[in-house]
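Here are a few short exercises to work through with the model open beside you. Try each task before reading its solution.

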Amino acid sequence: MNLVKTTYLFLICFFITSCENIIMYHSYQHIPSNGWNKSDTITFHLMVNDSLTNDSTPGLYNLQLLVRNNTEYKYQHLSLYVENNFPDSTIWRKDTIRFEIADENGRWLGKGISGLYENSRVLDAVHLKNPHRFTFKIIPLMNDSILTGLNDIGVIAYKEKSLNLHLAN
């Protein structure tokens, strides 16, 4: 009976770890406590490949934008202007991203405790054939000249790991 439980536990662990995504880049830039000036640009320069495993194989790569706010943030949403050259490093794309930070009753959305909350938004999912260097520029699009209550802006790029099971008929 002990062997059956051990085998079962091993198979569960195998399937859980086999389906994890491979993080290629994950970084935050801190926003000063006195606020984010309307004219300030946050810039990320990222190389999408797995430097730990030297994985530069083709695959589906996902990109997310992350926002950390505290209870001093006074709006229900956050609008950002984003310029990036993902997935083709020669073409610049421009977009406006809107984060819902709180619901209509003022309850904070996203994950968090103790007054710090994180929201994420998928920006893109593309198939890449080889490693690329990308740049992201992020500017606040709110009316305030200095936006307070935000702690960090982040970017995460990850490669989806597919689980290929071949079962005999």
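## Surface and fold

**Exercise 1.** What does the accessible surface of the protein chain come to, and what percentage of it belongs to carbon and sulfur atoms?

*Solution.* The accessible surface of this predicted model comes to about 10,600 Å². Carbon and sulfur atoms hold 53% of that area. To complete the picture, turn to burial: of the 169 residues in the protein chain, 37% are buried.

**Exercise 2.** How many helices and strands does the protein chain have, and in which pattern do they follow one another?

*Solution.* Start by counting: there is one helix, and there are 11 strands. Next, read along the sequence, which gives α-β-β-β-β-β-β-β-β-β-β-β. Then look at the contacts with a separation of 6 or more: 79% of them are between residues 24 or more positions apart.

## Two residues to place

**Exercise 3.** Is Asn-84 buried or exposed, and which residues does Asn-84 contact beyond its neighbours within four places in sequence?

*Solution.* First locate Asn-84 in strand 5, residues 77-84. Its relative accessible area is 8%; buried means under 20%, so Asn-84 counts as buried. Finally, list its partners, leaving aside neighbours within four places in sequence: Ile-91, Trp-92, Arg-93, Thr-135 and Phe-136.

**Exercise 4.** Which class of exposure does Glu-100 fall into, and what does Glu-100 touch?

*Solution.* Glu-100 sits in strand 6, residues 93-100. With a relative accessible area of 35%, Glu-100 falls between the cut-offs of 20% and 50%, and is therefore partly exposed. Not counting residues up to four places away in sequence, Glu-100 touches Gln-76, His-77, Leu-109 and Asn-119. Take Asn-119 from that list: Glu-100 and Asn-119 are 19 residues apart along the chain, and their C-alpha atoms are separated by 8.1 Å. Last, check the side chains, where a polar contact of 2.9 Å joins Glu-100 to Arg-98.

## The largest pocket

**Exercise 5.** What volume does the largest pocket have, which residues line the pocket, and which element gives the most to the lining?

*Solution.* The volume is about 160 Å³. The lining is made up of His-26, Gln-64, Leu-66, Gly-110, Lys-111, Glu-118, Asn-119, Ser-120 and Ile-156. Two elements give two or more residues to this lining: strand 4 (59-70) and strand 8 (116-128). Strand 8 gives the most, with three residues. Sorting the lining by class yields two nonpolar, five polar and two charged residues. Asn-119, met in the previous exercise as a contact of Glu-100, appears again here among the lining residues.

Key: Residues numbered from 1 in each chain as written. Predicted model: local features only at pLDDT ≥ 70, side-chain atom pairs only at ≥ 80, totals over all residues. Heavy atoms only, no water. 1 Å grid on protein atoms, 1.4 Å probe; cavity = no way out; pocket = protein on both sides within 12 Å on 5 of 7 lines; lining within 4 Å. Points joined across faces, edges and corners; volume = space filled by probe spheres on them. Helix = DSSP H or I, 4+ residues; strand = E, 2+ residues; numbered from the N terminus. Nonpolar A, V, L, I, M, F, W, Y, C, P; charged D, E, K, R; others polar. Buried < 20%, exposed > 50% of the residue type's maximum accessible area, 1.4 Å probe, protein only. Contact = heavy atoms within 4.5 Å. Areas by Shrake-Rupley, 256 points an atom, 1.4 Å probe, with all protein chains shown as cover. Polar contact = N/O pair within 3.5 Å; in protein donor to acceptor, adjacent residues only side chain to side chain.
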